[in-house]
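Here are some worked exercises on helix packing and chain contacts. Have a go at each task before you read its solution.

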Amino acid sequence: MNPLFLNALVWHIFLGIAAIIIFAGLPLLLRGKKLNTGLLKVYSFIGFFGFVGSWITGGYYYSFYYGKAIKGGILAGTTPWVHEILMESKEHVFLFLPFLAFVVLVIVNFFSKELVTNAKLRMNLILLSVAIVTLGIVITLCGFAISGSVVGKH
Amino acid sequence: MDLRTFITIAHITGTVLGVGATTFVEVFYLRFLRDGKIDPLENDILKVFYQIIRLGLVILVFSGFGYLVMWRLNFLGPVVFFSDRFLAKITVILVLLTVAFAINFRLVNHRVGSAITIVSWYGAMILGIWRKIPYPYYAIISVYAILTIVAYFVLRYLESRASAKHK
């Protein structure tokens, strides 16, 4: 694996985890009596760009390295379902995350006044953040299984 | 300092902060209960411990992924990734994350949350240290579940004893 693919893989993981942690923190900020809208905006920016960054680096790694060097080994190994089911699910479910994160970004940045006064909007944003974190964790677990199925040097 | 050493230091730091703060939050909570109530100053002290637990959890998760990247780059494969110890540790950490979230939103009561949190932190630490644990996944998780139930009753006893001193 050349340094470019290595960096793509590492940044894919790092940015994805950072975004999940940020979105896990967002509901904690939203449930307080006094909303810190400035911090909410920072969180939503980092979370959104984290997912976008993870998406781009992961997509690059998948398109130019995984398919050629890794996929065949997994399919020929003892756990081909890891690619057939988990990777296929991961790459499709992952498509949702930047868009869901974008919805949060828009609400936090353009409807911050409504967020302060509208408890229902706040609750729905909390639920959306929880959904993002849940999807993120599911995808992460798929990533564990995929990484764990890679054997031998490529 | 090489990357592995840095990740190990971070992982141990996260565990120390988490296990330490979880232990002391229970110790202080029981001490504060002696007068039958948690006053605002005591609540602020507990909040500091909860922030340290969160910090420990974040450091633990990031450094844990550091290990994963190294395993992946060294092609350690199913032997490590699908090992009973690793799967048990992931389960414990996921429970810990879920409960931390549930406590923050008061979806579980304090005693249940505390029992799960304290057993999970110590469980994660033990699974991290005991590298050649000879037991299968279901045995580790069964012990974890039993210890959580035991911890719940121990905490209930200690809380009632602390409150009794006030009465």
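**Exercise 1.** Work out how α1(A) and α2(A) pack, starting with the hand of their crossing.

*Solution.* The crossing of α1(A) and α2(A) is left-handed (the near helix is turned anticlockwise from the far one by less than a right angle; clockwise would make it right-handed). Before going on, note that this is a predicted model, where local features need pLDDT of at least 70, side-chain atom pairs count only at pLDDT 80 or more, and totals for chains, interfaces and linings use all residues. Residues are numbered from 1 along each chain as its sequence is written, with chains lettered from A and ligands numbered from 1 in the order in which they are written.

Step 1: find the helices. α1 covers residues 3-30 of chain A and α2 covers residues 37-76. Helices here are DSSP runs (H or I, at least four residues), as are strands (E, at least two), numbered from the N terminus.

Step 2: get the geometry. Two packed helices are described by the angle between their axes and the distance between the axes. For α1(A) and α2(A), the angle is about 150° and the axes are 7 Å apart. Axes are lines fitted to C-alpha atoms, for helices over the stretch in contact, and angles run from 0 to 180 degrees between N-to-C directions.

Step 3: classify. α1(A) and α2(A) are therefore roughly antiparallel to each other (under 35 degrees is roughly parallel, over 145 roughly antiparallel, 65 to 115 roughly perpendicular and the rest oblique).

Step 4: sort the residues of the contact of α1(A) with α2(A) by class. You get 19 nonpolar, nine polar and no charged. Nonpolar means Ala, Val, Leu, Ile, Met, Phe, Trp, Tyr, Cys and Pro; charged means Asp, Glu, Lys and Arg; the others, Gly among them, are polar.

**Exercise 2.** Do the same for α4(A) and α6(A), and say which residues meet.

*Solution.* Step 1: α4 (residues 96-110) and α6 (residues 119-149) of chain A pack at about 155°, with 10 Å between their axes.

Step 2: α4(A) and α6(A) are therefore roughly antiparallel, and their crossing is left-handed.

Step 3: on the α4(A) side sit A:F96, A:L97, A:L100, A:A101, A:V103, A:V104 and A:I107. They meet A:L125, A:L128, A:S129, A:A131, A:I132, A:L135 and A:G136 of α6(A). A contact needs C-beta atoms, placed from the backbone, within 7 Å.

Step 4: by class, the contact of α4(A) with α6(A) has twelve nonpolar, two polar and no charged residues.

**Exercise 3.** Is A:E84 buried or exposed, and why?

*Solution.* Step 1: locate A:E84, which is in helix α3 (residues 81-93) of chain A.

Step 2: count neighbours. A:E84 has 12 C-beta neighbours inside 10 Å, so it counts as exposed. The cut-offs on other C-beta atoms within 10 Å, placed from the backbone, are 20 or more for buried and 12 or fewer for exposed, with partly exposed in between.

Step 3: look back along the chain. A:K71 is 13 residues from A:E84 in sequence and 9.6 Å from it in space, C-alpha to C-alpha.

**Exercise 4.** Describe α1 of chain B and what its buried residues pack against.

*Solution.* Step 1: α1(B) (residues 3-32) has 30 residues and reaches 42 Å from first C-alpha to last, close to the 44 Å expected (1.5 Å times one less than the number of residues).

Step 2: its buried residues include B:G14, B:L17, B:A21, B:V25 and B:Y29.

Step 3: the buried residues of α1(B) pack against α2 (40-73) and α5 (110-129) of chain B.

**Exercise 5.** How do the two chains meet, and how do α1(A) and α2(B) cross?

*Solution.* Step 1: each chain puts 14 residues into the contact. On the chain B side, α2(B) has the largest share, seven residues. That side has eleven nonpolar, two polar and one charged residues.

Step 2: the axes of α1(A) and α2(B) come within 11 Å and cross at roughly 160°. The two helices are therefore roughly antiparallel, and the crossing is right-handed.

Step 3: A:V10, A:I13, A:I17 and A:I21 of α1(A) make this contact with B:V58, B:V61, B:F62, B:F65 and B:V69 of α2(B). The class split is nine nonpolar, no polar and no charged.
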